[in-house]
Amino acid sequence: MNQPSSPSLMGVFAHPDDESLLTGGVLAQHHAVGARTCVVTATWGPASHRATELAEALDVLGAGAPRLLGYADARNPASAPDGAVRLVDAPLDEAVGRLVAHIREVRPDIVIGHDALGQLTGHPDHLRAHQITLLAVEAAGLPHLYPEAGEPWQPAALYAATHSESGAGRLGPLLRSVGKTLLAVPDTYLTTTIDVSPWAAVKMEAILAHRSEAARERSLPGLLARLPEPERDEIISTEYFTRLTPGPASGDPHRLVA
């Protein structure tokens, strides 16, 4: 009997490394069975060193070439050597339109983005990327919105990558050890929990491809890089999601459903 094909995935994240930390496992998992995957990254320009690292990480995950919206990181002026505006300062309509163009070009079954809390530490770029993704996923299917961005395409589902209060585990103490706060959603917000332990090594390789972040003491890639392997694998081997559209979750609670 033929197995049903896995849905195509598009990740939409604020910074290079978010894709590997939050969804490296499911991206590798879907690529391994032949599904189309890609990642749109909102900040850091193509001439920056982190765009180069992103390309290496996506190659490890089988997620194609980087797709960059071209905005600057809210906290790092060097993120856009060409002088681009910060993501948090960009006109909302403009940013949504740029993402709609990628969605219509790729035509993914599933889009995965940041959660409403701003992913663990509430970074303003994460919050803005969440808002843009919500609007763009709906707008992409409406022919009267952004007609210049291509033929309409409505993804079947939008998921937010997240962490629950009970599932955060060692992440809480790890982030607090460097003075950061962990923002987690109530357990009832989770709709999907995926064991990605078979792809943990690939995921970690992608995380470490972001060398400039792995070299920093307070960044999550840097913290993970210095952990003993068993502790690190415990943190990265499960990925958590909330299905946002359309309607309540259905089907298998242990995989993404289009």
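**Exercise 1. The crossing of α3 and α4**

In this predicted model, work out which handedness the crossing of α3 and α4 has, and describe how the two helices pack.

*Solution.* Start with the hand: α3 and α4 cross in a right-handed manner. Next, take the geometry. Helix α3 covers residues 92-106 and helix α4 residues 124-139, and they pack at an angle of about 55° with their axes 8 Å apart. Angles of 65 to 115 degrees would count as roughly perpendicular and those under 35 as roughly parallel, so α3 and α4 are oblique to each other.

Now look at who touches whom. From α3 come Leu92, Ala95, Val96, Leu99, Val100, Ile103 and Arg104, while α4 supplies Arg128, Ile132, Thr133, Leu135, Ala136, Val137 and Ala139. Sorted by class, the residues of this contact are eleven nonpolar, one polar and two charged.

**Exercise 2. A second helix pair**

Find the angle at which α1 and α2 pack, and the residues that meet.

*Solution.* Helix α2 spans residues 49-61; α1 and α2 pack at about 35°, with their axes 9 Å apart. On the α1 side you will find Glu19, Ser20, Gly24, Leu27, Ala28 and His31, which meet Leu54, Ala57, Leu58 and Leu61 of α2. The class count for this contact is six nonpolar, three polar and one charged.

**Exercise 3. Reading the sheet**

Give the strand order of the sheet and say which strands stand at the edges.

*Solution.* First, trace the order: seven strands make up an open sheet that reads β3-β2-β1-β4-β5-β7-β6, with mixed pairing. Then check the ends. β3 (67-71) and β6 (192-195) each have a single partner strand, so one side of each has no neighbour in the sheet. From one strand to the next, the twist averages 25°.

Now zoom in on one edge. β6 is joined to β7 (residues 238-245) by four bridges, and the two strands run antiparallel. Within this part of the sheet, Thr193 stands opposite Tyr240 in β7.

Finally, add a helix. α1 (residues 18-32) lies across β1, β2, β4, β5, β6 and β7, and runs at about 90° to β7.

**Exercise 4. The aromatic pair**

Which rings form the aromatic pair, and how are their planes set?

*Solution.* The count is one aromatic pair. The rings are those of Tyr159 and Phe241, with centres 6.4 Å apart and planes at 85°; planes over 60 degrees apart count as edge-to-face, so this pair is edge-to-face. To place the pair, note that Tyr159 sits in strand β5 and Phe241 in strand β7, 82 residues apart, linking distant parts of the chain.

Terms used. Residues are numbered from 1 along each chain as its sequence is written. This is a predicted model: local features need pLDDT of at least 70, side-chain atom pairs count only at pLDDT 80 or more; totals for chains, interfaces and linings use all residues. Side-chain values use heavy atoms; hydrogens and water are left out. Two strands pair if DSSP finds at least two bridges between them. Axes are lines fitted to C-alpha atoms, for helices over the stretch in contact, and angles run from 0 to 180 degrees between N-to-C directions. Contact means heavy atoms within 4.5 Å. Angles under 35 degrees count as roughly parallel, over 145 as roughly antiparallel, 65 to 115 as roughly perpendicular and the rest as oblique. A crossing is left-handed if the near helix is turned anticlockwise from the far one by less than a right angle, and right-handed if clockwise. Ala, Val, Leu, Ile, Met, Phe, Trp, Tyr, Cys and Pro count as nonpolar, Asp, Glu, Lys and Arg as charged, and the others, Gly among them, as polar. Rings of Phe, Tyr and Trp (its six-membered ring) pair if their centres lie within 6.5 Å; planes under 30 degrees apart count as stacked, over 60 as edge-to-face and the rest as tilted.
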